[in-house]
Amino acid sequence: MGQQVDYKIRTELLHWIKKIGSQFDTSYIVRDPSIPEKPIVYVNEAFTKITGFAANEVIGESITILHGERRFDSMEKRIDEDLEMAGSTRLEVLNFHKDGTPIWFNVIAQTFRNPQGDPIYEVAFQTDITVQKQQEAIIEMQAVIYEGIENGYDISVLLQEICNKVEQFFIEGTMCTIMAVRDNKLHNMAGKSLPFAYRESIEGLDIGPFVGSCGAAAYLQQIVITENLETSPNWLPYLGEGPNEFGLKSCWSFPIINHAKETIATFGIYFTQVNQPAQNDLTFIQKIVPLVLLALRNAEDQKKILHLAYRDQETELPNMNYFYNDVKELDENGENRFIAVISSFNYPEIVDMFGREIASLVLREIGNRLNDILVDYDYVLSRFTSSALIIAGNTKRDDYREIVKLLLRVGHFPIRIDRMEIYLPIQMGVIPYIKGADVHQLIRQADLALSEARKRNGEQVYYYAPEMEESIKHNMELQSAIETGLRNQEFTVHLQPKVDMESGRIISFEALARLNSSKLGWVSPIDFIDATEKAGKIEQLEHLIIRQVLAWISKRIHMNQRVYQVAINISPNHFYSAYFVKGLLGLIEEYGVSPSSIVIELTESIGLGDLDKAKTIIRELKKAGIECSIDDFGIGYSSLSYLQELPISEIKIDRSFINQIQQSGTRVILQAIIDIADKLDIRAVAEGIETYEQMILLRGMSCSIGQGYYFHKPMSLEQIDEIIKTEET
């Protein structure tokens, strides 16, 4: 019986893992830890795409199938220990594609256990970070080159380091070479992986349009890709026809060209199998080429190259290469370390008004002021992004926040630009850290804190808090849920009745969007409406709602049932779009309903965008038989003058007035709105009515139409049909 229960748990858990995992684009695998070697029992489609292995090739196999020709015993031991003791782990691992190409993964693994605490499955999510590791390798190579030249290393030694590093990102057996071009001849500078005899055979070779790959690349000054050396006429004079004694099959060559448009070297990659580069491969090597160029120039002019390597060219401030190198050198005795990402609140306006060149000079001035303030402290300052600086500080003071306060002084004195005095309110994201912490992670967290600071006006300092991560995660999950919801029709219409407050009978409805997400469950409209607008999907959502409303009205028409008017909320961007009216009328015609069945509900700020255009659009709608209503009337930017300016048929008095209706001042304003609307022959609808007392007071003010939970909550179309059926009988 126990075995049957265990089998059922395992089966149901694996089914659940597959179902949950199918919603993600991330590669993941499931292993069985109860069996020696922990065989793989499931992989998703993303795994097969990224690794090249079919599912049936890895099911039942150990994870070592991804290790290629190498062994990673210590890494696997660490993963197993973490999963056994903590139940989860997160780390970066090197695996290999089926064709032998290295893939760097960021792995997040979790152990699932049965009620008795025994491990059932281990699930590992794998995110491809190869491009990130390539970028890190480039930064490391830069550091090696500059440090090596500073220490007097031979340039060939440094170039060989580049070759060694690049080879690690390609299939086993890859060989790199760097050849100098002098007097139109090729000369070996690095490439120890290549057979010595082959290197000797091409030493001093003349460049030319048909000379192998490197000779042709140098001559043509363009990338030359030779997928198969055995069939290439360019290689026939040097390797002969068919297989060659060196086992070389493919060669990609990249010219290295100086500012005088002269080829000074080539970077070549050889393979022992026919190989065609992917776009990522080309992008990676094209980032290596400037490194080689810089290294060659550095060998002649160390000071100039060091300046290029560690200085931002626009501001002359240190750059991030400098930051990553020097942050390690901060005073070892300091106890209060921090990283701050710093920007000016009005930097975007400075860019818009004066251009990026002047804005960079402003950033330099901020950097210079920070240097003046921090002159007695141990710190590293660099340009972080186009609009921000970064500081890593180390102080023996009891509280690093004292230094942070000093940094704010930078913005307390104006800077003069084109005869204008401009103040620079400073905004900062700050995080403390201890020795040995991951600097990349700290930078990301400080930058996240700055993002929070930028949501506010003026001078701001925000200290990193884990809740910020949760907020970002929530927003990303919400955006994903919205995309999925739109694609899978998870958005539905609920209708809330508007009632005659004298009789209590329903006279019309307001359409309200609802989202029952397959990922998040029911999502509040307060959350998803704003997120949908930010994602630029609001028109798509409103289009979906319009169709559902028209389909419901059309259904009632065909069933000879009474048709009620339905108000649909439309955002300003959608309202002002060139095809709004034409598109709406086309849908109404498609569903065969009367235009008078629809009311377009707009926010009261609609006239702020372009009052004349708003009037034109509303008149077009009115001419077609479609009424317009102003929602949330009485707050924000609207005024009673809009009632005369805009040819609307209805106003909906904002619920904030209804909530405060017990106050005499509020009742005076309400009465004025209702009376003016009545004189202009505009319907006044009170929304947000929740109590009997509110309804009685509104009726006493001659407001006859109400909407709110006192009468009805928003309901599904099926529920509305039942409510109508009950009311009519």
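**Exercise 1. In which order do the five strands of the open sheet that contains E2 and E3 stand, and is their pairing parallel or antiparallel?**

*Solution.* The structure is a predicted model, in which local features need pLDDT of at least 70, side-chain atom pairs count only at pLDDT 80 or more, and totals for chains, interfaces and linings use all residues. Residues are numbered from 1 along each chain as its sequence is written, and side-chain values use heavy atoms, with hydrogens and water left out.

Step 1. Fix the terms. Helices (H or I, at least four residues) and strands (E, at least two) are DSSP runs, numbered from the N terminus; two strands pair if DSSP finds at least two bridges between them.

Step 2. Read the order. The strands follow one another as E2-E1-E5-E4-E3, and the pairing is antiparallel. At the edges stand E2 and strand E3 (88-96), each of which pairs on one side only.

Step 3. Add the geometry. On average, neighbouring strands of this sheet are turned by 25° against each other, direction ignored. Axes are lines fitted to C-alpha atoms, for helices over the stretch in contact, and angles run from 0 to 180 degrees between N-to-C directions.

Step 4. Examine one pair. Three bridges join E1 and E2 in the antiparallel sense, and Arg-31 has Ile-40 in E2 as its bridge partner.

Step 5. Place the helix. Helix H5 (residues 130-150) lies across E3, strand E4 (102-113) and E5, and runs at about 125° to E4. Contact means heavy atoms within 4.5 Å.

**Exercise 2. Describe the open sheet that contains strands E7 and E8, and locate His-187.**

*Solution.* Step 1. The order of this five-stranded open sheet is E7-E6-E10-E9-E8, with antiparallel pairing. Strand E7 (185-190) and strand E8 (224-226) each have a single partner strand, so one side of each is left without a neighbour in the sheet. From one strand to the next, the twist averages 25°.

Step 2. Within this sheet, strand E9 (residues 250-257) pairs with strand E10 (residues 263-271) over eight bridges in the antiparallel sense. Ser-250 stands opposite Phe-271 in E10.

Step 3. His-187 belongs to strand E7. Its relative accessibility is 16%, so His-187 counts as buried; here buried means under 20% relative accessible area, exposed over 50%, and partly exposed in between (1.4 Å probe, protein chains only). Leaving aside residues up to four places away in sequence, His-187 touches Ile-178, Met-179, Ala-180, Arg-182, Glu-203 and Gly-204.

**Exercise 3. How many salt bridges does the model contain, and which parts of the chain does the pair Lys-38 and Glu-122 tie together?**

*Solution.* Step 1. Apply the criterion, a side-chain nitrogen of Lys or Arg within 4 Å of a carboxyl oxygen of Asp or Glu. The count comes to 26 salt bridges.

Step 2. Lys-38 and Glu-122 meet through their side chains at 2.8 Å, N to O. Lys-38 lies in the loop between strand E1 (27-31) and strand E2 (40-43), whereas Glu-122 is in strand E5 (residues 119-128), so the pair ties together parts that are 84 residues apart in sequence. Both Lys-38 and Glu-122 are buried.

Step 3. Consider a further pair, Lys-537 and Glu-483, whose closest N and O atoms are 3.7 Å apart. Lys-537 is in the loop between helix H18 (525-534) and helix H19 (538-558) and Glu-483 in helix H17 (residues 466-487), so this pair ties together parts 54 residues apart in sequence. Lys-537 is partly exposed, with a relative accessible area of 22%, and Glu-483 is likewise partly exposed, at 33%.

**Exercise 4. Characterise the surroundings of strand E25, beginning from the salt-bridge network that includes Arg-683.**

*Solution.* Step 1. Salt bridges link Lys-498, Glu-627, Glu-650 and Arg-683 in a network.

Step 2. Strand E25 (residues 683-687) is mostly covered, four of its five residues being buried.

Step 3. Strand E24 (residues 650-653) pairs with E25 in the parallel sense over four bridges; Ile-653 has Ala-686 in E25 as its bridge partner.

Step 4. Strand E26 (residues 705-707) runs parallel to E25 and is joined to E25 by three bridges. In E26, Gln-707 stands opposite Glu-687.
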